[in-house]
Amino acid sequence: MAWVYLLMAGMFEIGWPVGLKMAQNPDTRWLGIFTAIICIGLSGYTMWLAQKAIPMGTVYAVWTGLGAAGAFFVGIFFYGEAASLMRYMGVLLIIAGVVTLKLAY
C-alpha cells in the first residue's frame with residue numbers, strides 16, 4: 001500500500017505547479033491558489049504515509065521524479081511548452097532513475 005501512497009503523492013505533486021500556473025490567469029487566480037494549496041497538503045500527507053514503509057531517501061527521490069516528469073508532460077500537452085529531443089531525454093533519465101529505485105527496493 002505504501003507504493004500506492006507514493007504514487008498518489010507524486011500525482012498531487014504535479015497538481016500544485018498546475019495550480020500555480022492557473023493562478024497566473026486573473027480568471028482562475030483563486031481556483032489556482034486553492035488547487036495548489038490542497039495539492040501541497042495532500043502530497044505531503046500521502047508522502048508521509050509512504051514513508052512509514054519505504055525509506056525516506058527513496059520516497060523523496062520517487063516523489064520529486066514523478067512530480068518533475070508529470071509537470072513536464074502537463075506543461076507540454078496542456079500549456080504548449082517547448083518540446084525537444086533533449087528535454088524528452090532528460091525526463092526519460094528521471095523516469096529511469098525512479099524505476100531503478102523501485103527495482104532496488
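Biologist: Which residues form one aromatic cluster?
Modeller: Phe-72, Phe-73, Phe-77 and Tyr-88 do. Please keep in mind that this is a predicted model.

Biologist: How many aromatic pairs does the count come to?
Modeller: Six aromatic pairs.

Biologist: Why is the pair of Phe-72 and Tyr-88 edge-to-face?
Modeller: Two numbers settle it. The ring centres are 5.6 Å apart, and a pair needs them within 6.5 Å. The planes stand at 90 degrees, and an angle over 60 counts as edge-to-face. The pair of Phe-72 and Tyr-88 is therefore edge-to-face.

Biologist: What makes this a link between distant parts of the chain?
Modeller: Phe-72 belongs to helix 3, residues 56–79, while Tyr-88 belongs to helix 4, residues 85–104. The two are 16 residues apart.

Biologist: Why is Phe-72 called buried, and why does Tyr-88 count as partly exposed?
Modeller: Phe-72 has a relative accessible area of 8%. Buried means under 20%, so Phe-72 is buried. Tyr-88 comes to 32%. Partly exposed lies between the 20% limit for buried and the 50% limit for exposed, so Tyr-88 counts as partly exposed.

Biologist: Why is the pair of Phe-73 and Tyr-88 tilted?
Modeller: Here the centres are 6.2 Å apart, and the limit for a pair is 6.5 Å. The planes meet at 35 degrees. Stacked needs an angle under 30 and edge-to-face one over 60, so the pair of Phe-73 and Tyr-88 is tilted. Phe-73 lies in helix 3 and Tyr-88 in helix 4, so this pair too ties together parts of the sequence, here 15 residues apart. As for Phe-73, its relative accessible area of 27% makes it partly exposed.

Biologist: What else does Tyr-88 touch, beyond residues up to four places away in sequence?
Modeller: Besides Phe-72 and Phe-73, Tyr-88 touches Ile-76 and Ala-83. Ala-83 sits in the loop between helix 3 and helix 4, and with the same kind of neighbours left out, Ala-83 touches Ile-76 and Tyr-88.

Biologist: Why is Ala-83 called partly exposed?
Modeller: Its relative accessible area is 46%. Exposed would need over 50% and buried under 20%, so Ala-83 is partly exposed.

Biologist: What makes you say that the charged end of Lys-102 sits over the ring of Trp-3?
Modeller: The charged end is 4.6 Å from the centre of the Trp-3 ring, and the distance limit is 6 Å. The rule also asks for a position within 35 degrees of the ring normal. Lys-102 is listed as sitting over the ring of Trp-3.

Biologist: Which residues is Thr-58 in contact with, leaving aside neighbours within four places in sequence?
Modeller: Trp-3 and Leu-101. Thr-58 is found in helix 3. A relative accessible area of 14% is under the 20% limit, so Thr-58 is buried.

Biologist: How do you know that Ser-43 is buried?
Modeller: Its relative accessible area is 0%, and buried means under 20%, so the conclusion for Ser-43 follows directly. Ser-43 is found in helix 2. Not counting residues up to four places away, Ser-43 touches Ala-9, Phe-12, Glu-13 and Trp-63.

Biologist: Which residues make the nonpolar surface patch?
Modeller: Leu-31, Phe-34, Ile-38 and Leu-42 make a patch of about 370 Å². Phe-34 is found in helix 2, residues 29–50. With a relative accessible area of 53%, and exposed meaning over 50%, Phe-34 is exposed.

Biologist: How many helices and strands does the protein chain have?
Modeller: Four helices and zero strands, which reads along the sequence as α-α-α-α. The C-alpha trace spans about 45 × 35 × 15 Å along its principal axes.

Biologist: What part of the protein chain counts as buried?
Modeller: Of the 105 residues, 31% count as buried. The accessible surface comes to about 6500 Å², and 75% of that belongs to carbon and sulfur atoms. Among contacts with a separation of 6 or more, 62% are between residues 24 or more positions apart.

Note on methods. Residues are numbered from 1 along each chain as its sequence is written. This is a predicted model: local features need pLDDT of at least 70, side-chain atom pairs count only at pLDDT 80 or more; totals for chains, interfaces and linings use all residues. Side-chain values use heavy atoms; hydrogens and water are left out. Buried means under 20% relative accessible area, exposed over 50%, partly exposed in between (1.4 Å probe, protein chains only). Contact means heavy atoms within 4.5 Å. Patches are made of residues with over 30% relative accessible area and no salt bridge: like charges are joined within 9 Å, nonpolar side chains (Val, Leu, Ile, Met, Phe, Trp, Tyr) within 5 Å. Accessible areas come from the Shrake-Rupley method with a 1.4 Å probe; for residues, only the protein chains shown count as cover. A salt bridge is a side-chain nitrogen of Lys or Arg within 4 Å of a carboxyl oxygen of Asp or Glu.
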